[in-house]
Amino acid sequence: MVDYITGINGCGKSKILAQAAVATAEISDGNVVFIDYGDKLNKVLPPNIRLINISDYNIESTMSFYGFLIGLCASDYDLTDVFIDSTLKIISNQESNMDDFFKFLTDVSGSTGVNFHFSVCDEYTPALTYQGV
């Protein structure tokens with residue numbers, strides 16, 4: 001499953017995503033990973049959720065980020081959920097096609113069983129919107 005939250009900058013997407021990660025980790029039989037641009041959630045997330053500061057890995061395109069996520073799935077067979085905050089900040093390339101990116105990850109999710117949850121800043125949608133792919 002691939003789903004995402006959209007909304008304008010500062011409307012609470014990160015907080016909702018972090019709360020969802022905590023709730024998922026409480027009931028998950030496997031590992032939960034939270035990817036963020038920075039480590040601002042280091043004190044918010046419990047130790048059973050692995051926080052990855054993606055700025056340490058020099059990701060600049062959808063394909064390099066896709067490869068990073070595939071590597072996570074391949075290296076951890078117990079991985080159940082990946083939460084990704086600040087998606088457009090991670091993928092700084094404005095030429096990226098998010099629809100294709102989400103389609104690729106939907107295929108990966110189907111074959112690995114890993115669920116992907118994103119927050120995407122959308123300046124054209126002021127209200128929070130939840131969507132599945």
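Contact here means heavy atoms within 4.5 Å, and the legends below use the word in that sense for a predicted model.

**View 1. Thr 87 and its surroundings in helix α3.** Thr 87 is placed in helix α3, which comprises residues 87-90. Leaving out residues up to four places away in sequence, Thr 87 touches Met 98, Phe 118, Ser 119 and Val 120. Thr 87 has a relative accessible area of 0% and is therefore buried.

**View 2. The largest nonpolar core and the elements that build it.** This core has 26 residues, and those that touch the most other members are Ile 35, Phe 65, Phe 68, Leu 69, Phe 101, Phe 116 and Phe 118. At least two of its residues come from each of the strands β1 (2-7), β2 (31-36), β4 (79-84) and β5 (115-121), and likewise from each of the helices α2 (62-75) and α4 (98-112). Apart from this core lies another, of 11 residues, among them Ala 21, Ala 25, Val 32 and Phe 34. Within the largest core, Phe 65 touches Ile 35, Ile 54, Ile 59, Ile 84, Ile 90, Ile 91, Phe 101 and Phe 118, when residues up to four places away in sequence are not counted.

**View 3. Strand β1 beside strand β5.** The two strands run parallel and are joined by six bridges. One of the residues to look for is Val 2, whose bridge partner in β5 is Phe 116. Five of the six residues of β1 are buried, so this strand is largely enclosed by the rest of the structure.

**View 4. Helix α1 and its buried side.** Helix α1, residues 13-27, has 15 residues and reaches 22 Å from its first C-alpha to its last, which is close to the 21 Å expected at 1.5 Å a residue. Its buried residues are Lys 13, Leu 17, Ala 18, Ala 21, Thr 24 and Ala 25. Around the helix axis these residues cover an arc of only 130 degrees, and they therefore lie on the same side of α1. An α-helix has 3.6 residues a turn, so residues three or four places apart point the same way. The buried residues of α1 pack against β1, β2, β3, β4 and β5, whereas Lys 15, Glu 26 and Ile 27, on the other side of the helix, are exposed.

**View 5. Helix α4, from its buried face to the glycine that follows.** At 1.5 Å a residue, the 15 residues of α4 should span 21 Å, and the C-alpha atoms at its ends are indeed 21 Å apart. The buried residues in α4 are Met 98, Phe 101, Phe 102, Leu 105, Val 108 and Ser 109. Seen down the helix axis, the buried residues fall within an arc of 120 degrees, so they line one face of α4. That set packs against β1, α2, α3 and β5, while Asp 99, Gly 110 and Ser 111 are exposed on the other side of the helix. After α4 comes Gly 113, whose phi is positive, near 85 degrees.

**View 6. Phe 101 and the residues around it.** Phe 101 is placed in helix α4 and has a relative accessible area of 2%, so this residue counts as buried. With neighbours within four places in sequence left aside, Phe 101 is in contact with Thr 62, Phe 65, Tyr 66, Leu 69, Ile 91 and Phe 118. Of these contacts, Tyr 66 is 35 residues away from Phe 101 in sequence, yet the C-alpha atoms of the two are 7.4 Å apart in space.

**View 7. Aromatic pairs.** The structure holds eight aromatic pairs. In one of them, Tyr 57 and Phe 68 form a tilted pair, with 5.1 Å from centre to centre and 50 degrees between the planes. Tyr 57 lies in the loop between β3 (49-53) and α2, and Phe 68 in helix α2, so the pair ties together parts that are 11 residues apart in sequence. Tyr 57 is partly exposed, with a relative accessible area of 42%, whereas Phe 68, at 17% relative accessibility, counts as buried because the cut-off for buried is under 20%. A stacked pair is formed by Phe 65 and Phe 101, at 5.8 Å centre to centre and with 20 degrees between the planes. Phe 65 belongs to helix α2 and Phe 101 to helix α4, so this pair ties together parts that are 36 residues apart in sequence. Both Phe 65 and Phe 101 are buried, and ring pairs link them with Tyr 4, Phe 102 and Phe 118 into a cluster.

Key
Residues numbered from 1 in each chain as written. Predicted model: local features only at pLDDT ≥ 70, side-chain atom pairs only at ≥ 80, totals over all residues. Heavy atoms only, no water. Core = buried A, V, L, I, M, F, W, Y, C linked by side-chain atoms within 4.5 Å. Buried < 20%, exposed > 50% of the residue type's maximum accessible area, 1.4 Å probe, protein only. Helix = DSSP H or I, 4+ residues; strand = E, 2+ residues; numbered from the N terminus. Expected span 1.5 Å × (residues − 1). Arc of directions from axis to C-beta. Pairing = 2+ DSSP bridges. Phe/Tyr/Trp six-rings, centres within 6.5 Å; stacked < 30°, edge-to-face > 60°.
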